[in-house]
Amino acid sequence: MSFWEYLITRHQQLLTDAFQHVSAVFQCMVIATVLGVVIGVVSYRSGWGGSLAITSTATILTIPSLAAIGLLIPLVGLGVAPTVITLTLYGLLPIVRNSIVGLRGVDPALVDAATGIGMSRTARLCRVELPLAWPPILTGIRVSTQMLMGIAAIAAYASGPGLGNEIFRGIASLGSANAINQVLAGTLGIVVLALLFDAAYVLLGRLTIPRGIRA
C-alpha cells in the first residue's frame, strides 16, 4: 500500500488523532501561558527572583520527556493526566523568560508617567507594562508551542492522546507492510499542525500588537 493510499484508508483515525493532538497542546499552552506570565510578573522586579524562576523552569527541560512521563505514571496513572502535567511544565521556560525580559524592557519613563497620573500598581501592570511586554511574551508562546508539538508525541508512551500513537504503532510493527506509512503519517501530521499553529500566532500578533510597537 502506498503512502497516499494509507492516508485515504486511515484518514478518519488520523483526523481524530490530529484533533486530540491539537487539543492537548492548546490546553496545555493556555495553562502554561497563565502560569508563565504570573511567574514572570511576580519575579521580574527582583534580580534573584527572576534568575530563580528562569533557572527552575530551565532545569525541567534537562529531564528527558520520556523519563518525565514515566515517572508520572505511578503517581497519576496513564492517559491524559501525565500528558497535561508534562507538556505544561515543559512549556514554561520560554514564556517565563520572555515575560521577565519583556517586563524589564518597558521604558521606566512610561511607568513613571503612569504613576504620575495616579495609576495604581495593578493598573500600571495591566494597562502599560503587560501590553508593552506582549510582543516578547507572544514570541515565548510561539517557541513553547513548537516544542510541545513534538514532545506531545511522546505522550503515546503513557496512552496519551495525539499523533504519537500513530508513530509508536509504526515503530512497534517495523517490518510490517504499513509501519513506515504509520511513522511518516504521524510525523508529517505533527509538522503540518506546528506550521498551522505558527501561522495562527503570526496572525494573532498582527491583530494584537500595534504597528508602532512591531516597528
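The following chat goes through a predicted model of one chain, from its overall make-up to one helix pair and one residue.

Q: Before anything else, what kind of model is this, and how are residues numbered?
A: It is a predicted model, in which local features need pLDDT of at least 70 and side-chain atom pairs count only at pLDDT 80 or more, while totals for chains, interfaces and linings use all residues. Residues are numbered from 1 along each chain as its sequence is written, and side-chain values use heavy atoms, with hydrogens and water left out.

Q: How many helices and strands does the chain have?
A: The chain has 11 helices and zero strands, where helices (H or I, at least four residues) and strands (E, at least two) are DSSP runs numbered from the N terminus.

Q: And what are its dimensions?
A: The C-alpha trace spans about 70 × 40 × 20 Å along its principal axes, and 42% of the 215 residues count as buried, that is, under 20% relative accessible area with a 1.4 Å probe and protein chains only.

Q: What does UniProt annotate at residues 18–201?
A: The unreviewed UniProt entry gives "domain: ABC transmembrane type-1" for that span, although such annotations may be inferred rather than shown by experiment. In the model, residues 18–201 are 81% helix and 0% strand, with end C-alpha atoms 19 Å apart.

Q: Where does it put the "transmembrane region" feature?
A: The same unreviewed entry places that feature at residues 24–44, 51–73 and 179–204. Residues 51–73 are 87% helix in the model, with end C-alpha atoms 31 Å apart, whereas residues 179–204 are 100% helix, with end C-alpha atoms 38 Å apart.

Q: Switching to packing, how do α2 and α5 cross?
A: The axes of α2 (residues 11–43) and α5 (residues 80–90), which are lines fitted to C-alpha atoms over the stretch in contact, come within 8 Å and cross at roughly 50°. That makes α2 oblique to α5, since angles under 35 degrees count as roughly parallel, over 145 as roughly antiparallel, 65 to 115 as roughly perpendicular and the rest as oblique.

Q: Which residues meet there?
A: Ala 24, Cys 28, Ile 31, Ala 32 and Leu 35 in α2 meet Thr 83, Val 84, Leu 87 and Thr 88 in α5, with contact meaning heavy atoms within 4.5 Å. By class, this contact has seven nonpolar, two polar and no charged residues.

Q: Is Ser 43 buried or exposed?
A: Ser 43, which is found in helix α2, counts as buried because its relative accessibility is 7%. Leaving aside residues up to four places away in sequence, Ser 43 touches Gly 49, Gly 50, Ala 53, Ile 100 and Arg 104.

Technical notes: Axes fitted to C-alpha atoms, helices over the stretch in contact; angles between N-to-C directions. Nonpolar A, V, L, I, M, F, W, Y, C, P; charged D, E, K, R; others polar. Buried < 20%, exposed > 50% of the residue type's maximum accessible area, 1.4 Å probe, protein only.
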